[in-house]
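Welcome! Here is a short tour of a protein structure, arranged by topic so that you can follow along in the viewer.

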Amino acid sequence: MKLERKESNFSSSYLVSFDGEYMSIIKANNVKYRVKIKNENNEVVGHKTILDNINIDIKKGDFVAILGRNGSGKSTFAKHLNALLVPNEGSVLINGQDTSMVEELWEIRKQCGMVFQNPDNQIVGVTVEEDIAFGPENLGMSSEKIIKTVSHAIEKVGMSAFKKKSPNHLSGGQKQRVAIASSLAIKPECIVLDEPTAMLDPKGRKDVINLVRQLNKNDGMTIILITHHMEEAAIADTVIVLDQGKVAISGKPREVFSKIDEMKALKLELPQMMELSYRLHQKGKISRYDLLDIEEFVEQYMKDSRPAIDIYDKIGVHDAGRFGDIMVQSELNRIDEKNNNGKNNNGKTLLELIDVSYVYQPETAMKNIAVDHVNVSIRENEMIGVIGPTGSGKSTLIQLMNGLLRPSEGKIYFKGKDISGKGFQKKQLHFSVGLVFQYPESQLFEETVLSDVMYGPLNKGYEKEKAEAIARECLKSLGIGDEYFRKSPFDLSGGEKRRVAIAGVIAMEPEIIVLDEPTAGLDPLTREHLFYSLKMLKEEKNKTIVIVSHSMEDMAKYVERVIVMNGGKVMFDDTTRQVFQNSDALEKIGLAIPTVSYAMKRLKAEGYTDCDEAITIDEAVDVLSYE
C-alpha cells in the first residue's frame with residue numbers, strides 16, 4: 001500500500017492506492033430506499049421501493065454514465081451521493097464518510113457537487129460572480145481565497161467575459177456552465193450531473209459535455225453523468241444501467257451497448273451509429289455491429305463494401321436529382337408522398353402571424369427583441385417542428401401563438417379573426433391552442449393527477465363525469481395508468497410530470513397542440529409513446545401539432561415541416577428534409593443535423609454518392625443495403 005497526493009486547482013486529497021489503483025470515492029453498499037404512498041387524504045397506505053439493493057463502486061477519476069428509464073431510480077440515486085437523501089437500509093460512502101452521519105454532512109456535500117437539469121433551480125446570485133462565490137462564502141473562506149477560487153472556476157468554464165452579468169440574461173448553456181462553476185468553487189472531488197443537457201441546443205450540449213470531459217481528463221475529477229442521450233454515455237469510462245431500482249447492466253460503453261437484446265428488453269436505445277451498424281449487420285452489409293462513433297462506422301463500412309457506388313446507376317435512374325425521389329421503402333418517404341413531400345399546402349389556415357414582433361422591456365437598457373417581424377402560417381393537420389439556438393425566440397413565438405403574449409407589432413389571426421381585436425374571446429383561444437410549457441411543474445397544481453387533468457374539461461363546462469372520462473382516456477393514452485390517478489402530481493418523476501402536463505392540455509381538446517421541449521428528460525420508450533400519441537391525434541382527430549425541440553433526431557423522424565428560428569427571425573420554413581440539407585448554415589448558428597446524416601455525408605465524401613440526403617436510420621439502412 002502506498003500514499004499518493006493528487007492535486008488540481010479544484011481538489012487536493014491523499015489517495016490510498018492498492019497495486020496502483022486509487023481508492024473508491026463512491027461506494028454504495030446494499031442500498032435500499034423506500035417512499036411512503038399516500039392517498040388523497042394524506043394517509044399512508046403503503047410503501048414503494050425506489051432503490052433495491054444497489055451496490056456500486058466508483059473509483060476516483062472515473063467518468064460514469066448512468067442510464068435507465070424514467071422511474072428507474074437514477075435521480076434518487078444521485079441525491080444519495082450528495083446526502084440529499086439517505087438510505088433506509090445499507091450505506092453510501094463518499095471518500096469513506098457515511099452520508100447518514102449528520103456531522104459529516106457538509107464535508108460530504110463539499111466533496112460531491114450537484115448540477116441539476118434546470119440550472120435556474122440552483123442559481124441564486126445577482127451576478128455570475130456572486131453566484132459562484134455563494135458556496136465558498138458559506139464554507140467560510142477568506143475574501144482573498146474566495147476571489148482566487150471564483151476566478152479559477154469562471155475561467156475553467158469559459159465564462160470570464162460574463163462574470164458581471166445577471167444569470168437571468170444568459171442562455172441555457174451558459175447558465176449550466178455557471179451551475180458547474182458554482183460546484184467547482186467548493187473544490188469537490190466529484191460532480192454529479194443529472195440530465196444537464198436535456199434543455200440545451202446542440203452547441204450548448206456539446207459545450208457542456210466537452211467541459212465535463214476536460215474536468216475529468218485534465219483535472220482528474222470524478223464525473224457521474226445521468227443522461228438519456230446515448231451518445232453522451234458512449235464517451236464515459238463506465239456505463240451503469242438501472243432498472244426498477246436495481247443495477248441491470250454495467251461495464252465499458254461498448255460492452256454495455258453490445259448487449260443488444262438486453263438493452264432493447266430494458267426499452268433503451270443504442271447510440272445512433274451502433275443502431276445503424278446493428279441493423280446493417282443483420283442484413284449482412286457490415287461485419288461489426290458494435291460501432292460507437294461516425295469515424296469507426298465509416299471506416300468499417302468502407303472495408304466491408306464495394307468501392308464507391310452510385311445508387312442512381314444501380315437502379316438505372318439518371319438525373320433524379322435527390323435521394324428523396326428514389327422509391328426505397330422507408331416510412332418517411334411514404335409520409336413525404338402522402339403529404340405532398342411534407343408540405344400541407346391544401347390544409348385550412350388556422351393560425352397566421354403577419355409581420356409579428358415582440359420586445360421585452362422596451363425603452364429600457366435591457367430591451368430585447370425576441371421575435372422580429374415574423375410571418376408564419378399554421379394549417380390544420382400539420383406536424384411542425386420549431387428549432388433554433390437557445391435565445392432565438394422559439395418560446396416567445398409559441399406564447400404569441402397561444403395569446404399569452406400580445407405582439408408589440410404585427411397581427412395574429414386565428415381562423416381569420418384578429419386575436420387582439422375587439423370582441424375576440426381570448427379564453428377560447430387558450431382552449432383552441434393548447435400550450436405545454438418547457439418545465440411541466442409550472443402548470444401542475446391540483447392535489448391529484450386525475451383532478452389536475454380534469455381541470456381543463458371542467459372549465460370548458462363539461463359535467464364532472466364526462467370530464468373524468470376524458471381525463472382518464474388522455475392519461476392512459478400517454479402511459480399513465482390507474483395507479484397514478486390518486487397520487488399528487490408533485491410526487492411523480494420529471495418524466496411522469498411531463499406526461500401529466502401534456503395530458504392536461506390534450507384533455508381540453510384543442511385544435512392546435514403546442515409543446516415546448518416535450519421529450520426533455522423522457523426515456524426512449526416514453527418518448528416514442530408520446531410521439532405515437534401525437535401522431536394518432538393528428539391522423540384520427542385532425543389535430544395540428546407544433547413541437548419545439550433541440551433533438552434533431554426527433555425532428556427528422558417525426559415532423560413533416562421545420563421552422564428554424566435565429567435572432568428572432570424565421571431563417572428557414574420548409575420540409576424537414578429540405579431544412580436538413582442546409583447543414584453548414586445550421587451549424588453556424590449552433591444547431592446540427594441528425595447524427596446519421598453526418599455519417600451519410602462522410603460516406604459521400606468517400607465516394608459513396610447520392611446517399612447524403614438520408615436523415616433517419618430507416619432511410620440510411622434502405623440506402624446502404626439497397627441491392
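Let us start just past helix α23: the residue Gly607 follows this helix and has a positive phi, near 105°. Please keep in mind that this is a predicted model. From here we look at two helices with buried residues, then at a pair of packed helices, and finally at some strands.

**Helix α23 and its surroundings**

- Helix α23 covers residues 595-605, and its buried residues are Thr595, Val596, Ser597, Ala599, Met600 and Leu603.
- What lies over these buried residues? The cover includes α10 (272-282), α11 (294-304), α20 (552-558) and α24 (617-624).
- A handy rule helps when you look at such a pattern: an α-helix has 3.6 residues a turn, so residues three or four places apart point the same way.

**Helix α1**

- Helix α1 spans residues 74-81 and is mostly covered, with six of its eight residues buried.
- Which residues of α1 are buried? They are Lys74, Thr76, Phe77, Ala78, His80 and Leu81.
- Ala83, just after α1, has a positive phi of about 60°.

**Helices α3 and α5**

- Two packed helices are described by the angle between their axes and the distance between the axes.
- For α3 (residues 128-138) and α5 (residues 172-184), the axes come within 7 Å and cross at roughly 35°.
- The crossing of α3 past α5 is right-handed.
- On the α3 side, Val128, Asp131 and Ile132 take part in the contact, and they meet Val178, Ala181 and Ser182 of α5.
- Sorted by character, the residues of this contact are four nonpolar, one polar and one charged.

**A closer look at Ser183**

- Ser183 also sits in helix α5.
- Is Ser183 buried or exposed? Its relative accessible area is 6%, which is under the 20% cut-off, so Ser183 counts as buried.
- Apart from neighbours within four places in sequence, Ser183 touches Gly113, Met114, Val115, Pro188 and Ile191.

**Strands β6, β12 and β13**

- Strand β6 (residues 63-68) runs parallel to strand β12 (residues 238-243), and the two pair over five bridges.
- Within this pairing, Leu67 is opposite Val241 of β12.
- β12 also pairs with strand β13 (residues 246-251), in the antiparallel sense and over five bridges.
- Which residue of β13 is the bridge partner of Val241? That partner is Ile249.
- β12 and β13 make a hairpin with two residues between them, and Gln244 in the turn has a positive phi of about 50°.
- As you trace the strands, remember that in a regular strand the side chains alternate between the two faces of the sheet.

Methods: Residues numbered from 1 in each chain as written. Predicted model: local features only at pLDDT ≥ 70, side-chain atom pairs only at ≥ 80, totals over all residues. Heavy atoms only, no water. Axes fitted to C-alpha atoms, helices over the stretch in contact; angles between N-to-C directions. Helix = DSSP H or I, 4+ residues; strand = E, 2+ residues; numbered from the N terminus. Left-handed = near helix turned anticlockwise from the far one by under 90°. Contact = heavy atoms within 4.5 Å. Nonpolar A, V, L, I, M, F, W, Y, C, P; charged D, E, K, R; others polar. Buried < 20%, exposed > 50% of the residue type's maximum accessible area, 1.4 Å probe, protein only. Pairing = 2+ DSSP bridges.
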